[in-house]
Amino acid sequence: GIVADGAMHPIDTVRARLQTQQDKAYRNMVDAFRKIVRTEGVVGLYKGVGLAVGLTGPAHALYFAGYEFAKRRAEKFGAAGHFAAGAFANATGALLWVPMDVAKQRLQVQRGDPATFKYRGNTHALYTIAREEGVRGLYKGFGAAFATYGPFSALYFTIYEWCKKEAAHVQQKKPDELGLATFLVSGFTAGGAAAAMTTPLDVVKTRLQVQHSGSNLTQYKGIGDACRTMLQREGPRAFFSGIGARTAWIAPGSALTIALYEEFKKLLQ
């Protein structure tokens with residue numbers, strides 16, 4: 001998780017910018033990359049990376065522990081069991097992922113003159129949010145986050161386990177005996193598909209999490225208000241902002257994370 005999130009962080013920054021922009025400063029993923037590097041330097045792509053690297057390890061530990069716990073109890077129900085286990089995994093991982101996302105994304109969407117930035121770094125962002133908005137501020141958009149990553153995790157593990165099952169059938173092996181390449185391909189396929197399908201939910205989540213007093217972004221009262229306002233002002237396309245960046249960010253990261261996890265499981269067994 002640490003390796004994957006650190007390596008893919010620039011794409012995550014582009015995703016956050018595309019999903020929250022209301023001035024249409026970026027036309028697409030490539031245009032966003034070029035403009036961020038040109039105006040802010042390469043360092044602009046790595047805003048908030050310290051939070052991602054520092055907290056993603058413990059968050060992934062909670063996530064996979066939750067998945068294995070639920071999977072052992074629900075596996076007998078087949079695909080429905082994997083779907084439920086994935087949703088449960090997200091609920092445990094979200095305890096750390098949501099505060100990380102809130103602070104990280106607020107750093108990522110800051111652009112312009114650094115002297116005017118509200119948040120000066122990773123620790124300062126966490127401290128400022130907690131001081132001004134309380135612990136609730138760090139968990140802003142928790143409902144939207146669960147509504148996003150609950151279905152994402154459920155879809156991801158359902159597709160991933162199906163890919164493993166089909167690969168095991170073709171290779172005439174048990175699922176746990178599959179090789180690294182199979183885990184990578186299965187993780188990439190599942191991550192990409194789940195990311196694309198849950199993009200509308202992610203756009204709403206991101207917009208709710210980055211808004212704060214003093215921000216020039218539209219302020220939403222909740223999930224319902226965000227959906228209505230976006231639809232009225234920007235149309236249906238707004239819900240798919242950054243779909244390419246989101247898929248490009250999550251698919252490789254998911255492949256690497258799950259493949260390393262499966263290999264470590266083999267070593268422990």
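Here are some questions and answers about this structure, which is a predicted model.

Q: Which helix gives the most residues to the largest nonpolar core?
A: This core has 48 residues, and those touching the most other members are Val-14, Tyr-63, Phe-152, Tyr-156, Phe-157 and Ile-258. Eight helices supply at least two residues each: α1 (2-20), α2 (29-40), α3 (49-74), α4 (79-108), α5 (122-138), α6 (142-171), α7 (180-197) and α10 (243-268). The top giver, with 10 residues, is α6.

Q: How many residues are in the other core?
A: Apart from the largest core, there's another one to look for. Its members include Ala-144, Ala-226, Ala-238 and Phe-239. The count for this core is nine.

Q: Which residues is Phe-152 in contact with, leaving aside its neighbours within four places in sequence?
A: Phe-152 is one of the residues that touch the most other members of the largest core. Once those sequence neighbours are set aside, its partners are Gly-191, Ala-194, Ala-195, Thr-198, Arg-246, Ile-250 and Ser-254.

Q: At what angle do α3 and α10 pack, and what is the hand of their crossing?
A: The axes of α3 and α10 are 13 Å apart, and the angle is about 65 degrees. As for the hand, the crossing of α3 and α10 is right-handed.

Q: How do the residues of the contact of α3 with α10 divide into nonpolar, polar and charged?
A: On the α3 side, look for His-60, Phe-64 and Glu-68. On the α10 side, look for Thr-257, Ile-258, Tyr-261 and Lys-265. Sorted by kind, they come to three nonpolar, two polar and two charged.

Q: Is Val-102 buried or exposed?
A: You'll find Val-102 in helix α4. Buried means under 20% relative accessible area. Since Val-102 has a relative accessible area of 0%, it counts as buried.

Q: Which residues is Val-102 in contact with, leaving aside its neighbours within four places in sequence?
A: To get your bearings, Val-102 and Ala-125 are 23 residues apart in sequence, with 9.2 Å between their C-alpha atoms. With the sequence neighbours left aside, the contacts of Val-102 are Ile-129, Gly-137, Leu-138, Lys-140 and Gln-209.

Q: How many disulfides does the count come to?
A: A disulfide needs a pair of cysteine sulfur atoms within 2.5 Å. Two cysteines to find are Cys-163, buried at a relative accessible area of 13%, and Cys-227, partly exposed at 28%. By the distance rule, the number of disulfides is zero.

Q: What is the phi of Lys-24, and is this residue buried or exposed?
A: Lys-24 sits in the loop between α1 and α2. Its phi is positive in a residue other than glycine, with a value near 55 degrees. Exposed means over 50% relative accessible area. At 57% relative accessibility, Lys-24 is therefore exposed.

Q: Where is Gln-172, and what is its relative accessibility?
A: Gln-172 isn't a glycine, yet it has a positive phi of about 55 degrees. Its place is in the loop between α6 and α7. Gln-172 counts as exposed, because its relative accessibility is 74%.

Q: What separates the C-alpha atoms of Pro-236 and Gly-86 in space?
A: Pro-236 is in the loop between α9 (223-234) and α10. Pro-236 counts as exposed, at 55% relative accessibility. Along the chain, Pro-236 and Gly-86 are 150 residues apart, and the separation of their C-alpha atoms is 28 Å.

Key. Residues numbered from 1 in each chain as written. Predicted model: local features only at pLDDT ≥ 70, side-chain atom pairs only at ≥ 80, totals over all residues. Heavy atoms only, no water. Core = buried A, V, L, I, M, F, W, Y, C linked by side-chain atoms within 4.5 Å. Buried < 20%, exposed > 50% of the residue type's maximum accessible area, 1.4 Å probe, protein only. Helix = DSSP H or I, 4+ residues; strand = E, 2+ residues; numbered from the N terminus. Contact = heavy atoms within 4.5 Å. Axes fitted to C-alpha atoms, helices over the stretch in contact; angles between N-to-C directions. Left-handed = near helix turned anticlockwise from the far one by under 90°. Nonpolar A, V, L, I, M, F, W, Y, C, P; charged D, E, K, R; others polar.
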